[in-house]
Amino acid sequence: RAPVSMGTGGAGGGSATGRDCRERPPIPPFPRALSHLGMFADRTAPGADVQSLWRSARSARCEAKTCQTGKISTAEAAAQSHTARDAAVQTEQSKDAVQDFQQQVQVDYTGLLSFLQRVEDVVIKELNKNWKSHAFDGFEVNWTDQDETVLCLHSLSYPEAQDQNLQVTGVSWNATGSVIACSYGRLDDGDWSTEKSYVCTWNLDRRGLNPQHPDLVVDVPSSVMCLAFHPSQPSLIAGGLFSGELVVWDTSRTEDPVIWRTGMTDDTHTDPVYQVHWLPDTKHRNHARLLSVGTDGKILVWREERDGRLALAEGFAIVAQQIPRSTRLKKVAWGEAAVGVTSLSFSPFDAGVFVVGVEGGYCLRCSTSAQGPALPRPGGSVPLRAPAELAFSPHAGPVYSVSCSPFHRQSCFLLPPSPRNLFLSCGTDGQVHLHSMLQTQPLFALQLSKKYLFCVCWSPVRPLVFAAASGEGVHLFDLGRSTRKPTVSLKQSVSDCPVYCLEFNTKHTRLLAAGDAAGTVKVWQLSSDFTEQGPREMSHLEQLASEIMD
(Lines give C-alpha, C1' and ligand atoms only; values in the text may rest on other atoms or scores of the structure.)
Protein backbone atom coordinates (compact mmCIF):
# COMPACT_ATOMS: atom_id res chain seq x y z
CA ARG A 1 0.00 0.00 0.00
CA ALA A 2 1.22 3.50 -0.90
CA PRO A 3 1.69 5.99 1.95
CA VAL A 4 -1.02 8.53 2.45
CA SER A 5 -0.63 12.13 3.69
CA MET A 6 -3.44 13.68 5.67
CA GLY A 7 -4.30 17.44 5.56
CA THR A 8 -6.19 19.61 8.18
CA GLY A 9 -9.82 20.76 7.88
CA GLY A 10 -13.31 20.35 9.20
CA ALA A 11 -15.08 17.15 9.77
CA GLY A 12 -17.32 17.61 6.83
CA GLY A 13 -14.71 18.53 4.27
CA GLY A 14 -11.39 20.15 3.69
CA SER A 15 -8.57 19.95 1.30
CA ALA A 16 -6.20 16.95 1.04
CA THR A 17 -2.58 17.21 0.00
CA GLY A 18 -0.25 14.41 -1.19
CA ARG A 19 1.60 12.94 -4.16
CA ASP A 20 -1.54 11.10 -5.37
CA CYS A 21 -3.92 13.62 -6.88
CA ARG A 22 -6.73 11.14 -7.25
CA GLU A 23 -9.85 11.73 -5.13
CA ARG A 24 -9.85 9.87 -1.87
CA PRO A 25 -12.92 8.89 0.19
CA PRO A 26 -13.77 11.28 3.08
CA ILE A 27 -12.61 10.29 6.56
CA PRO A 28 -15.56 9.54 8.79
CA PRO A 29 -15.96 11.78 11.86
CA PHE A 30 -14.81 10.58 15.27
CA PRO A 31 -17.77 8.85 16.95
CA ARG A 32 -19.38 10.90 19.60
CA ALA A 33 -20.18 7.85 21.65
CA LEU A 34 -16.52 7.23 22.23
CA SER A 35 -15.51 10.81 22.89
CA HIS A 36 -15.74 10.24 26.60
CA LEU A 37 -12.99 7.64 26.43
CA GLY A 38 -10.42 10.21 25.66
CA MET A 39 -8.23 11.01 22.77
CA PHE A 40 -6.68 7.52 22.42
CA ALA A 41 -8.79 4.42 22.18
CA ASP A 42 -8.74 1.02 20.38
CA ARG A 43 -10.51 1.17 17.09
CA THR A 44 -10.58 -0.83 13.90
CA ALA A 45 -10.38 1.44 10.90
CA PRO A 46 -10.96 0.30 7.33
CA GLY A 47 -7.80 -0.04 5.23
CA ALA A 48 -6.89 2.16 2.30
CA ASP A 49 -5.95 0.18 -0.83
CA VAL A 50 -3.59 1.85 -3.27
CA GLN A 51 -2.84 0.04 -6.52
CA SER A 52 0.89 -0.35 -7.34
CA LEU A 53 1.97 1.44 -10.50
CA TRP A 54 5.42 -0.16 -10.33
CA ARG A 55 4.16 -3.72 -10.80
CA SER A 56 1.86 -2.73 -13.66
CA ALA A 57 4.63 -0.84 -15.43
CA ARG A 58 7.04 -3.79 -15.03
CA SER A 59 4.49 -6.26 -16.30
CA ALA A 60 3.86 -4.07 -19.34
CA ARG A 61 7.60 -4.34 -20.17
CA CYS A 62 7.51 -8.12 -19.61
CA GLU A 63 10.19 -7.95 -16.94
CA ALA A 64 9.04 -10.93 -14.97
CA LYS A 65 11.44 -11.85 -12.16
CA THR A 66 11.19 -15.07 -10.32
CA CYS A 67 13.50 -17.53 -8.59
CA GLN A 68 12.12 -20.58 -10.34
CA THR A 69 13.03 -21.19 -13.98
CA GLY A 70 10.54 -22.41 -16.45
CA LYS A 71 9.75 -26.07 -16.54
CA ILE A 72 12.43 -28.13 -18.20
CA SER A 73 11.35 -31.00 -20.28
CA THR A 74 13.30 -34.19 -19.63
CA ALA A 75 13.39 -37.63 -21.14
CA GLU A 76 15.21 -40.78 -20.01
CA ALA A 77 17.93 -42.21 -22.24
CA ALA A 78 20.06 -45.31 -21.61
CA ALA A 79 22.74 -47.21 -23.46
CA GLN A 80 21.65 -50.49 -22.00
CA SER A 81 18.67 -52.22 -23.51
CA HIS A 82 15.68 -52.66 -21.34
CA THR A 83 15.71 -56.41 -21.75
CA ALA A 84 18.58 -58.64 -20.62
CA ARG A 85 19.52 -62.21 -21.37
CA ASP A 86 22.30 -64.44 -19.97
CA ALA A 87 24.89 -65.83 -22.37
CA ALA A 88 27.58 -68.39 -21.58
CA VAL A 89 30.45 -69.96 -23.47
CA GLN A 90 30.02 -73.29 -21.85
CA THR A 91 26.87 -75.22 -22.66
CA GLU A 92 24.66 -75.94 -19.77
CA GLN A 93 24.14 -79.40 -18.48
CA SER A 94 21.48 -80.73 -16.29
CA LYS A 95 22.40 -82.39 -13.02
CA ASP A 96 21.24 -85.69 -14.37
CA ALA A 97 23.63 -85.48 -17.33
CA VAL A 98 26.61 -84.78 -15.01
CA GLN A 99 25.76 -87.74 -12.87
CA ASP A 100 25.48 -89.98 -15.92
CA PHE A 101 28.94 -88.83 -17.16
CA GLN A 102 30.57 -89.47 -13.78
CA GLN A 103 29.07 -92.91 -13.67
CA GLN A 104 30.51 -93.73 -17.08
CA VAL A 105 34.17 -92.85 -16.03
CA GLN A 106 35.73 -95.83 -14.34
CA VAL A 107 39.46 -96.06 -13.54
CA ASP A 108 41.22 -99.36 -13.81
CA TYR A 109 43.60 -98.88 -10.90
CA THR A 110 44.94 -102.38 -11.13
CA GLY A 111 45.92 -101.90 -14.78
CA LEU A 112 47.46 -98.47 -14.07
CA LEU A 113 49.62 -99.90 -11.27
CA SER A 114 50.77 -102.70 -13.54
CA PHE A 115 51.74 -100.19 -16.25
CA LEU A 116 53.74 -97.97 -13.86
CA GLN A 117 55.62 -100.98 -12.52
CA ARG A 118 56.57 -102.05 -16.04
CA VAL A 119 57.96 -98.62 -17.09
CA GLU A 120 59.51 -97.64 -13.75
CA ASP A 121 63.05 -98.75 -14.57
CA VAL A 122 63.00 -97.11 -18.00
CA VAL A 123 61.73 -93.77 -16.65
CA ILE A 124 64.32 -93.68 -13.84
CA LYS A 125 67.09 -94.51 -16.29
CA GLU A 126 66.10 -91.64 -18.60
CA LEU A 127 65.76 -89.20 -15.70
CA ASN A 128 69.27 -90.05 -14.48
CA LYS A 129 70.62 -89.67 -17.99
CA ASN A 130 69.07 -86.18 -18.30
CA TRP A 131 70.31 -85.20 -14.87
CA LYS A 132 73.91 -86.05 -15.81
CA SER A 133 73.70 -84.50 -19.28
CA HIS A 134 75.66 -81.31 -20.10
CA ALA A 135 73.49 -80.47 -23.10
CA PHE A 136 72.26 -77.26 -21.49
CA ASP A 137 75.38 -76.22 -19.56
CA GLY A 138 75.65 -72.46 -19.49
CA PHE A 139 72.23 -72.00 -21.05
CA GLU A 140 69.98 -69.43 -19.44
CA VAL A 141 66.44 -68.57 -20.46
CA ASN A 142 66.21 -65.05 -21.84
CA TRP A 143 62.89 -63.41 -21.08
CA THR A 144 63.82 -60.07 -22.64
CA ASP A 145 63.57 -59.01 -26.25
CA GLN A 146 66.73 -59.70 -28.22
CA ASP A 147 68.61 -56.85 -29.82
CA GLU A 148 70.62 -57.74 -32.89
CA THR A 149 72.50 -54.44 -33.30
CA VAL A 150 75.42 -52.76 -31.53
CA LEU A 151 74.60 -49.17 -30.57
CA CYS A 152 76.63 -46.23 -29.29
CA LEU A 153 74.85 -45.08 -26.12
CA HIS A 154 77.19 -42.26 -25.06
CA SER A 155 80.06 -40.25 -26.49
CA LEU A 156 81.89 -38.71 -23.51
CA SER A 157 84.64 -36.11 -23.60
CA TYR A 158 86.26 -33.28 -21.64
CA PRO A 159 86.67 -30.25 -23.96
CA GLU A 160 89.57 -28.76 -21.99
CA ALA A 161 91.59 -31.96 -22.38
CA GLN A 162 90.75 -32.11 -26.07
CA ASP A 163 91.92 -28.52 -26.50
CA GLN A 164 95.34 -29.70 -25.28
CA ASN A 165 95.24 -32.62 -27.76
CA LEU A 166 95.32 -35.11 -24.90
CA GLN A 167 94.36 -38.71 -25.54
CA VAL A 168 92.35 -41.21 -23.51
CA THR A 169 95.00 -43.57 -22.11
CA GLY A 170 92.75 -45.71 -19.89
CA VAL A 171 89.13 -46.46 -19.02
CA SER A 172 87.64 -48.25 -16.00
CA TRP A 173 84.17 -49.08 -14.59
CA ASN A 174 83.57 -48.76 -10.87
CA ALA A 175 82.28 -51.55 -8.60
CA THR A 176 78.61 -50.68 -9.21
CA GLY A 177 78.98 -50.57 -12.98
CA SER A 178 77.31 -47.14 -13.20
CA VAL A 179 80.38 -44.84 -13.20
CA ILE A 180 82.99 -44.73 -15.97
CA ALA A 181 86.38 -43.11 -15.43
CA CYS A 182 89.01 -42.18 -18.01
CA SER A 183 92.56 -40.92 -17.79
CA TYR A 184 93.99 -38.29 -20.13
CA GLY A 185 97.60 -38.24 -21.26
CA ARG A 186 99.73 -38.78 -24.32
CA LEU A 187 101.00 -41.99 -25.89
CA ASP A 188 102.71 -40.35 -28.86
CA ASP A 189 105.66 -37.96 -29.10
CA GLY A 190 105.63 -34.91 -26.88
CA ASP A 191 106.91 -33.38 -23.67
CA TRP A 192 104.91 -35.68 -21.43
CA SER A 193 106.77 -35.03 -18.20
CA THR A 194 105.64 -31.42 -17.84
CA GLU A 195 102.20 -31.70 -19.41
CA LYS A 196 99.14 -31.32 -17.18
CA SER A 197 96.49 -34.03 -17.50
CA TYR A 198 93.17 -35.10 -16.01
CA VAL A 199 91.11 -37.93 -14.58
CA CYS A 200 87.38 -37.61 -15.32
CA THR A 201 84.31 -39.57 -14.20
CA TRP A 202 80.70 -39.74 -15.44
CA ASN A 203 77.75 -41.39 -13.67
CA LEU A 204 75.68 -42.86 -16.49
CA ASP A 205 72.67 -43.38 -14.19
CA ARG A 206 72.45 -39.71 -13.24
CA ARG A 207 69.60 -37.68 -14.65
CA GLY A 208 70.59 -34.90 -16.98
CA LEU A 209 73.90 -36.51 -17.95
CA ASN A 210 76.05 -34.03 -19.86
CA PRO A 211 78.51 -35.98 -22.02
CA GLN A 212 80.87 -32.98 -22.24
CA HIS A 213 80.70 -32.08 -18.56
CA PRO A 214 82.21 -34.77 -16.28
CA ASP A 215 80.82 -35.21 -12.79
CA LEU A 216 84.36 -35.04 -11.43
CA VAL A 217 87.58 -33.64 -12.89
CA VAL A 218 90.91 -34.22 -11.11
CA ASP A 219 93.89 -32.15 -12.24
CA VAL A 220 97.12 -34.15 -12.37
CA PRO A 221 100.53 -32.48 -12.84
CA SER A 222 101.90 -35.40 -14.93
CA SER A 223 100.43 -37.41 -17.76
CA VAL A 224 98.22 -40.26 -16.49
CA MET A 225 99.09 -43.43 -18.41
CA CYS A 226 96.57 -45.86 -16.85
CA LEU A 227 93.94 -46.17 -14.14
CA ALA A 228 91.77 -48.76 -12.38
CA PHE A 229 88.80 -48.59 -10.02
CA HIS A 230 88.93 -50.52 -6.76
CA PRO A 231 87.08 -53.86 -7.20
CA SER A 232 84.75 -53.32 -4.20
CA GLN A 233 84.99 -49.67 -3.10
CA PRO A 234 83.25 -47.61 -5.82
CA SER A 235 84.93 -44.29 -5.01
CA LEU A 236 88.60 -45.33 -5.14
CA ILE A 237 90.67 -44.94 -8.33
CA ALA A 238 94.35 -45.82 -8.74
CA GLY A 239 96.43 -44.21 -11.48
CA GLY A 240 99.91 -44.64 -12.86
CA LEU A 241 101.79 -41.55 -14.06
CA PHE A 242 104.40 -40.92 -16.70
CA SER A 243 106.75 -39.84 -13.90
CA GLY A 244 106.67 -43.38 -12.44
CA GLU A 245 104.53 -42.39 -9.47
CA LEU A 246 101.30 -44.05 -8.27
CA VAL A 247 98.35 -42.06 -6.93
CA VAL A 248 95.05 -43.17 -5.39
CA TRP A 249 92.07 -40.77 -5.49
CA ASP A 250 88.84 -40.88 -3.51
CA THR A 251 86.09 -39.43 -5.70
CA SER A 252 83.84 -38.82 -2.69
CA ARG A 253 86.27 -36.11 -1.56
CA THR A 254 85.82 -33.21 -3.93
CA GLU A 255 88.34 -30.75 -2.42
CA ASP A 256 91.42 -32.95 -2.03
CA PRO A 257 90.74 -36.39 -3.54
CA VAL A 258 94.32 -37.70 -3.20
CA ILE A 259 94.46 -40.18 -0.29
CA TRP A 260 97.61 -42.22 -1.07
CA ARG A 261 100.65 -41.76 -3.26
CA THR A 262 104.09 -43.30 -3.61
CA GLY A 263 106.02 -40.09 -3.99
CA MET A 264 109.36 -40.05 -5.82
CA THR A 265 111.65 -42.38 -3.89
CA ASP A 266 114.24 -45.06 -4.62
CA ASP A 267 111.41 -47.61 -4.78
CA THR A 268 109.38 -45.72 -7.37
CA HIS A 269 109.39 -46.69 -11.02
CA THR A 270 112.00 -44.86 -13.06
CA ASP A 271 109.93 -45.18 -16.26
CA PRO A 272 106.25 -44.59 -17.04
CA VAL A 273 103.69 -46.86 -15.35
CA TYR A 274 101.60 -48.60 -18.01
CA GLN A 275 99.24 -50.66 -15.85
CA VAL A 276 97.88 -50.74 -12.31
CA HIS A 277 96.01 -53.64 -10.75
CA TRP A 278 94.27 -54.05 -7.36
CA LEU A 279 95.16 -57.17 -5.36
CA PRO A 280 93.35 -58.57 -2.31
CA ASP A 281 95.29 -58.34 0.93
CA THR A 282 95.31 -61.82 2.46
CA LYS A 283 96.42 -60.53 5.87
CA HIS A 284 94.01 -57.59 6.15
CA ARG A 285 90.57 -58.08 4.61
CA ASN A 286 89.66 -54.40 4.83
CA HIS A 287 92.80 -53.38 2.97
CA ALA A 288 93.97 -53.87 -0.57
CA ARG A 289 97.34 -53.89 -2.21
CA LEU A 290 98.18 -52.18 -5.46
CA LEU A 291 100.35 -53.64 -8.22
CA SER A 292 102.08 -51.56 -10.89
CA VAL A 293 104.13 -52.39 -13.97
CA GLY A 294 106.46 -50.09 -15.89
CA THR A 295 108.82 -50.05 -18.80
CA ASP A 296 111.72 -50.12 -16.33
CA GLY A 297 111.03 -53.86 -16.05
CA LYS A 298 109.69 -53.70 -12.50
CA ILE A 299 106.51 -55.25 -11.16
CA LEU A 300 105.89 -53.66 -7.76
CA VAL A 301 103.32 -54.39 -5.04
CA TRP A 302 102.37 -51.51 -2.73
CA ARG A 303 100.59 -51.38 0.60
CA GLU A 304 98.80 -48.40 2.13
CA GLU A 305 100.19 -46.57 5.13
CA ARG A 306 98.36 -44.39 7.64
CA ASP A 307 100.22 -41.24 6.67
CA GLY A 308 98.77 -41.34 3.15
CA ARG A 309 101.84 -43.00 1.69
CA LEU A 310 102.10 -46.12 -0.45
CA ALA A 311 105.00 -48.25 0.76
CA LEU A 312 106.65 -51.00 -1.25
CA ALA A 313 105.66 -54.44 0.08
CA GLU A 314 107.34 -56.71 -2.48
CA GLY A 315 108.53 -56.57 -6.05
CA PHE A 316 109.74 -58.39 -9.14
CA ALA A 317 111.94 -57.50 -12.09
CA ILE A 318 112.01 -58.92 -15.62
CA VAL A 319 115.65 -59.19 -16.70
CA ALA A 320 116.77 -60.45 -20.09
CA GLN A 321 119.44 -62.79 -18.66
CA GLN A 322 116.88 -64.56 -16.49
CA ILE A 323 114.28 -65.30 -19.12
CA PRO A 324 114.09 -69.09 -19.71
CA ARG A 325 116.59 -70.27 -22.32
CA SER A 326 113.97 -71.58 -24.76
CA THR A 327 113.85 -68.06 -26.15
CA ARG A 328 116.17 -65.10 -25.78
CA LEU A 329 115.55 -61.44 -26.21
CA LYS A 330 117.99 -59.40 -28.22
CA LYS A 331 118.84 -57.15 -25.27
CA VAL A 332 121.75 -58.88 -23.61
CA ALA A 333 124.03 -55.99 -22.70
CA TRP A 334 124.10 -55.27 -18.96
CA GLY A 335 123.23 -51.67 -19.62
CA GLU A 336 120.06 -52.80 -21.35
CA ALA A 337 119.31 -55.75 -19.10
CA ALA A 338 115.87 -54.57 -17.96
CA VAL A 339 112.96 -55.62 -20.16
CA GLY A 340 110.17 -53.07 -20.36
CA VAL A 341 106.84 -54.48 -19.12
CA THR A 342 103.82 -53.02 -20.90
CA SER A 343 100.92 -55.16 -19.68
CA LEU A 344 99.92 -57.78 -17.12
CA SER A 345 97.01 -60.16 -16.49
CA PHE A 346 96.41 -62.47 -13.52
CA SER A 347 94.86 -65.90 -13.83
CA PRO A 348 91.38 -65.74 -12.28
CA PHE A 349 91.80 -69.29 -10.93
CA ASP A 350 95.35 -69.22 -9.57
CA ALA A 351 96.23 -66.02 -7.70
CA GLY A 352 99.93 -66.83 -7.93
CA VAL A 353 100.10 -67.05 -11.75
CA PHE A 354 100.18 -64.08 -14.11
CA VAL A 355 101.21 -63.27 -17.67
CA VAL A 356 103.15 -60.18 -18.75
CA GLY A 357 103.77 -58.64 -22.15
CA VAL A 358 107.10 -56.96 -22.80
CA GLU A 359 108.55 -54.53 -25.31
CA GLY A 360 110.65 -57.25 -26.93
CA GLY A 361 107.48 -58.93 -28.28
CA TYR A 362 107.33 -61.81 -25.80
CA CYS A 363 104.69 -62.95 -23.35
CA LEU A 364 106.02 -64.45 -20.14
CA ARG A 365 104.30 -66.72 -17.65
CA CYS A 366 105.27 -65.64 -14.16
CA SER A 367 104.74 -66.75 -10.57
CA THR A 368 104.46 -64.70 -7.39
CA SER A 369 106.01 -67.57 -5.44
CA ALA A 370 109.35 -67.22 -7.29
CA GLN A 371 112.21 -66.79 -4.81
CA GLY A 372 115.21 -66.26 -7.08
CA PRO A 373 116.66 -62.74 -6.84
CA ALA A 374 116.63 -60.47 -9.87
CA LEU A 375 120.11 -59.83 -11.21
CA PRO A 376 121.76 -57.42 -11.20
CA ARG A 377 120.26 -56.55 -7.85
CA PRO A 378 118.59 -53.13 -8.20
CA GLY A 379 118.60 -50.63 -5.37
CA GLY A 380 115.61 -50.09 -3.13
CA SER A 381 114.17 -50.92 0.27
CA VAL A 382 112.90 -54.35 -0.82
CA PRO A 383 114.91 -56.95 -2.81
CA LEU A 384 113.27 -57.78 -6.14
CA ARG A 385 112.72 -61.34 -7.39
CA ALA A 386 112.79 -62.86 -10.89
CA PRO A 387 109.28 -64.25 -11.60
CA ALA A 388 109.56 -65.49 -15.23
CA GLU A 389 108.94 -69.24 -15.72
CA LEU A 390 108.09 -69.64 -19.42
CA ALA A 391 108.47 -67.51 -22.53
CA PHE A 392 105.97 -67.87 -25.38
CA SER A 393 106.53 -67.53 -29.11
CA PRO A 394 106.95 -63.80 -29.76
CA HIS A 395 105.05 -61.23 -31.74
CA ALA A 396 106.87 -59.31 -34.45
CA GLY A 397 106.79 -56.16 -32.30
CA PRO A 398 106.15 -54.98 -28.75
CA VAL A 399 103.23 -56.56 -26.91
CA TYR A 400 100.75 -53.93 -25.72
CA SER A 401 98.07 -56.04 -24.03
CA VAL A 402 97.43 -59.48 -22.51
CA SER A 403 94.16 -60.91 -21.15
CA CYS A 404 93.60 -64.23 -19.33
CA SER A 405 90.37 -66.13 -19.93
CA PRO A 406 87.93 -65.60 -17.03
CA PHE A 407 86.20 -68.94 -17.61
CA HIS A 408 86.87 -72.16 -15.80
CA ARG A 409 85.86 -75.76 -16.18
CA GLN A 410 87.45 -78.76 -14.53
CA SER A 411 89.36 -81.00 -16.92
CA CYS A 412 91.93 -83.74 -16.48
CA PHE A 413 95.46 -83.53 -17.86
CA LEU A 414 94.59 -85.87 -20.75
CA LEU A 415 92.04 -83.44 -22.22
CA PRO A 416 92.83 -80.47 -24.49
CA PRO A 417 93.85 -77.16 -22.90
CA SER A 418 91.16 -75.97 -20.52
CA PRO A 419 89.81 -72.43 -20.92
CA ARG A 420 91.35 -71.73 -17.51
CA ASN A 421 94.78 -71.91 -19.20
CA LEU A 422 94.04 -69.66 -22.17
CA PHE A 423 95.08 -66.06 -22.69
CA LEU A 424 95.12 -63.52 -25.52
CA SER A 425 97.87 -61.11 -26.54
CA CYS A 426 98.19 -58.37 -29.12
CA GLY A 427 100.85 -55.89 -30.24
CA THR A 428 102.27 -53.63 -32.89
CA ASP A 429 102.33 -56.41 -35.50
CA GLY A 430 98.53 -56.21 -35.78
CA GLN A 431 98.09 -59.83 -34.64
CA VAL A 432 96.04 -61.44 -31.90
CA HIS A 433 97.56 -64.62 -30.44
CA LEU A 434 95.53 -67.21 -28.53
CA HIS A 435 97.86 -69.03 -26.15
CA SER A 436 97.70 -71.90 -23.73
CA MET A 437 99.86 -71.45 -20.66
CA LEU A 438 101.02 -75.03 -21.11
CA GLN A 439 102.87 -74.60 -24.43
CA THR A 440 105.09 -72.01 -26.05
CA GLN A 441 103.49 -71.91 -29.51
CA PRO A 442 100.19 -70.02 -29.95
CA LEU A 443 97.02 -71.99 -30.65
CA PHE A 444 96.34 -69.56 -33.47
CA ALA A 445 97.53 -66.16 -34.67
CA LEU A 446 94.99 -63.87 -36.30
CA GLN A 447 96.19 -61.04 -38.53
CA LEU A 448 93.56 -58.50 -37.59
CA SER A 449 94.95 -55.22 -38.86
CA LYS A 450 97.82 -53.63 -40.71
CA LYS A 451 97.96 -51.08 -37.91
CA TYR A 452 98.88 -51.45 -34.26
CA LEU A 453 96.67 -53.34 -31.80
CA PHE A 454 96.62 -51.55 -28.45
CA CYS A 455 94.27 -53.60 -26.30
CA VAL A 456 92.56 -57.00 -26.17
CA CYS A 457 89.97 -58.12 -23.64
CA TRP A 458 87.91 -61.28 -23.02
CA SER A 459 84.14 -60.96 -22.59
CA PRO A 460 83.06 -61.52 -18.97
CA VAL A 461 79.99 -63.55 -20.03
CA ARG A 462 80.84 -65.31 -23.33
CA PRO A 463 83.78 -67.78 -23.43
CA LEU A 464 84.07 -67.42 -27.22
CA VAL A 465 83.87 -63.62 -27.42
CA PHE A 466 86.61 -61.01 -27.07
CA ALA A 467 87.20 -57.41 -28.19
CA ALA A 468 90.29 -55.75 -29.62
CA ALA A 469 91.24 -52.08 -30.04
CA SER A 470 93.22 -51.10 -33.11
CA GLY A 471 94.34 -48.10 -35.07
CA GLU A 472 91.11 -48.44 -37.06
CA GLY A 473 88.46 -48.90 -34.34
CA VAL A 474 86.90 -51.61 -32.15
CA HIS A 475 86.60 -55.21 -33.30
CA LEU A 476 84.32 -57.83 -31.74
CA PHE A 477 85.06 -61.52 -32.23
CA ASP A 478 82.87 -64.57 -31.78
CA LEU A 479 85.09 -67.61 -32.22
CA GLY A 480 81.98 -69.74 -32.56
CA ARG A 481 81.31 -68.01 -35.88
CA SER A 482 84.80 -67.40 -37.24
CA THR A 483 88.43 -67.61 -36.19
CA ARG A 484 89.60 -65.65 -39.23
CA LYS A 485 87.80 -62.32 -39.13
CA PRO A 486 85.93 -60.13 -36.67
CA THR A 487 82.18 -60.60 -36.32
CA VAL A 488 81.58 -56.84 -36.01
CA SER A 489 83.91 -53.86 -36.56
CA LEU A 490 82.89 -50.57 -34.94
CA LYS A 491 84.02 -47.20 -36.18
CA GLN A 492 84.97 -45.15 -33.16
CA SER A 493 85.21 -41.88 -35.07
CA VAL A 494 84.92 -40.46 -38.57
CA SER A 495 88.66 -39.80 -38.78
CA ASP A 496 89.64 -43.42 -37.97
CA CYS A 497 91.73 -42.36 -34.98
CA PRO A 498 93.35 -45.16 -32.92
CA VAL A 499 91.48 -46.73 -30.04
CA TYR A 500 93.88 -47.17 -27.12
CA CYS A 501 91.84 -48.85 -24.37
CA LEU A 502 88.81 -51.10 -23.80
CA GLU A 503 86.91 -52.46 -20.83
CA PHE A 504 83.78 -54.59 -20.52
CA ASN A 505 81.29 -53.75 -17.78
CA THR A 506 81.04 -56.78 -15.49
CA LYS A 507 77.82 -55.53 -13.83
CA HIS A 508 75.96 -54.35 -16.92
CA THR A 509 77.36 -56.92 -19.30
CA ARG A 510 75.98 -55.32 -22.46
CA LEU A 511 78.19 -52.24 -22.05
CA LEU A 512 81.68 -51.82 -23.49
CA ALA A 513 83.76 -48.65 -23.05
CA ALA A 514 86.45 -47.59 -25.54
CA GLY A 515 88.81 -44.58 -25.36
CA ASP A 516 90.56 -43.11 -28.39
CA ALA A 517 93.31 -40.73 -29.45
CA ALA A 518 90.80 -37.90 -30.06
CA GLY A 519 90.02 -37.71 -26.34
CA THR A 520 86.60 -39.39 -26.59
CA VAL A 521 85.14 -42.31 -24.64
CA LYS A 522 82.44 -44.23 -26.47
CA VAL A 523 80.06 -46.45 -24.49
CA TRP A 524 78.77 -49.22 -26.76
CA GLN A 525 75.69 -51.33 -26.08
CA LEU A 526 76.32 -54.84 -27.36
CA SER A 527 73.70 -56.98 -29.03
CA SER A 528 72.35 -60.11 -27.41
CA ASP A 529 74.55 -62.21 -29.72
CA PHE A 530 77.61 -61.10 -27.74
CA THR A 531 76.11 -61.37 -24.24
CA GLU A 532 74.04 -64.57 -24.15
CA GLN A 533 75.99 -67.77 -23.71
CA GLY A 534 74.89 -70.68 -25.82
CA PRO A 535 74.70 -74.33 -24.77
CA ARG A 536 78.01 -76.20 -24.51
CA GLU A 537 79.99 -73.06 -25.31
CA MET A 538 82.79 -74.03 -22.93
CA SER A 539 83.11 -77.39 -24.65
CA HIS A 540 83.17 -75.61 -28.00
CA LEU A 541 86.16 -73.54 -26.90
CA GLU A 542 87.99 -76.65 -25.70
CA GLN A 543 87.21 -78.41 -28.97
CA LEU A 544 88.39 -75.39 -30.95
CA ALA A 545 91.70 -75.35 -29.09
CA SER A 546 92.10 -79.09 -29.65
CA GLU A 547 91.46 -78.86 -33.41
CA ILE A 548 93.95 -76.03 -33.79
CA MET A 549 96.61 -78.01 -31.91
CA ASP A 550 96.09 -81.03 -34.18
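**Exercise 1. Cysteines**

Is C404 buried or exposed, and what is its relative accessible area? Then decide whether C404 belongs in a disulfide.

Solution. This is a predicted model.
- Step 1: take the accessibility. C404 has a relative accessible area of 8%.
- Step 2: apply the cut-off. Buried means under 20%, so C404 is buried.
- Step 3: look for a partner. The nearest cysteine sulfur belongs to C363 and is 9.8 Å away.
- Step 4: compare with the disulfide criterion. Two cysteine sulfur atoms must lie within 2.5 Å, so C404 is in no disulfide.
- Step 5: give the count for the structure. By this rule there are zero disulfides.
- Step 6: add another cysteine. C366 has a relative accessible area of 0%, so C366 is buried.

**Exercise 2. Strand β15 and its partners**

Describe the pairing of strand β15 with β14 and with β16.

Solution.
- Step 1: locate the strand. β15 covers residues 350-358, and seven of its nine residues are buried. The strand is mostly covered.
- Step 2: pair β15 with β14. Strand β14 spans residues 341-347 and runs antiparallel to β15, with six bridges joining the two.
- Step 3: name one bridge. S343 has G357 in β15 as its partner.
- Step 4: inspect the connection. Two residues lie between β14 and β15, and the two strands form a hairpin.
- Step 5: pair β15 with β16. Five bridges join β15 to β16, residues 363-367, and this pairing is also antiparallel.
- Step 6: name a residue opposite. V355 faces R365 in β16.
- Step 7: inspect the second hairpin. Four residues separate β15 and β16, and G361 takes a positive phi near 100°.

**Exercise 3. Aromatic pairs**

Classify the ring pairs Y400 and F454, and F466 and F477.

Solution. A ring pair is described by the distance of the centres and the angle of the planes.
- Step 1: start from the total. The structure holds ten aromatic pairs.
- Step 2: take Y400 and F454. Their centres are 5.8 Å apart, with 10° between the planes. Planes under 30 degrees apart count as stacked, so this pair is stacked.
- Step 3: place the pair in the chain. Y400 sits in strand β18 (residues 399-404) and F454 in strand β22 (residues 453-458), 54 residues apart. The pair links distant parts of the chain.
- Step 4: check the cover. Y400 is partly exposed at 30% relative accessibility. F454 is buried at 16%.
- Step 5: take F466 and F477. The centres are 4.6 Å apart and the planes differ by 10°; this pair is stacked.
- Step 6: place this second pair. F466 is in strand β23 (residues 465-470) and F477 in strand β24 (residues 474-478), eleven residues apart. Both F466 and F477 are buried.
- Step 7: extend to the cluster. Y400, Y452, F454 and Y500 form one aromatic cluster.

**Exercise 4. Two loop residues**

Where do V107 and D256 lie, and how is each covered?

Solution.
- Step 1: place V107. The residue is in the loop between α2 (95-104) and α3 (109-132).
- Step 2: read its cover. V107 has a relative accessible area of 48%, so V107 is partly exposed.
- Step 3: add its surroundings. V107, Y109, L112, F115 and L116 form a nonpolar surface patch, with about 520 Å² of accessible area together.
- Step 4: place D256. This residue lies in the loop between β8 (246-250) and β9 (258-261).
- Step 5: read its cover. D256 is partly exposed, at 46%.
- Step 6: check a contact across the chain. The C-alpha atoms of D256 and V218 are separated by 9.2 Å, and the residues are 38 apart along the chain.

Technical notes:
Residues are numbered from 1 along each chain as its sequence is written. This is a predicted model: local features need pLDDT of at least 70, side-chain atom pairs count only at pLDDT 80 or more; totals for chains, interfaces and linings use all residues. Side-chain values use heavy atoms; hydrogens and water are left out. Patches are made of residues with over 30% relative accessible area and no salt bridge: like charges are joined within 9 Å, nonpolar side chains (Val, Leu, Ile, Met, Phe, Trp, Tyr) within 5 Å. Accessible areas come from the Shrake-Rupley method with a 1.4 Å probe; for residues, only the protein chains shown count as cover. A salt bridge is a side-chain nitrogen of Lys or Arg within 4 Å of a carboxyl oxygen of Asp or Glu. Buried means under 20% relative accessible area, exposed over 50%, partly exposed in between (1.4 Å probe, protein chains only). Two strands pair if DSSP finds at least two bridges between them. Rings of Phe, Tyr and Trp (its six-membered ring) pair if their centres lie within 6.5 Å; planes under 30 degrees apart count as stacked, over 60 as edge-to-face and the rest as tilted.
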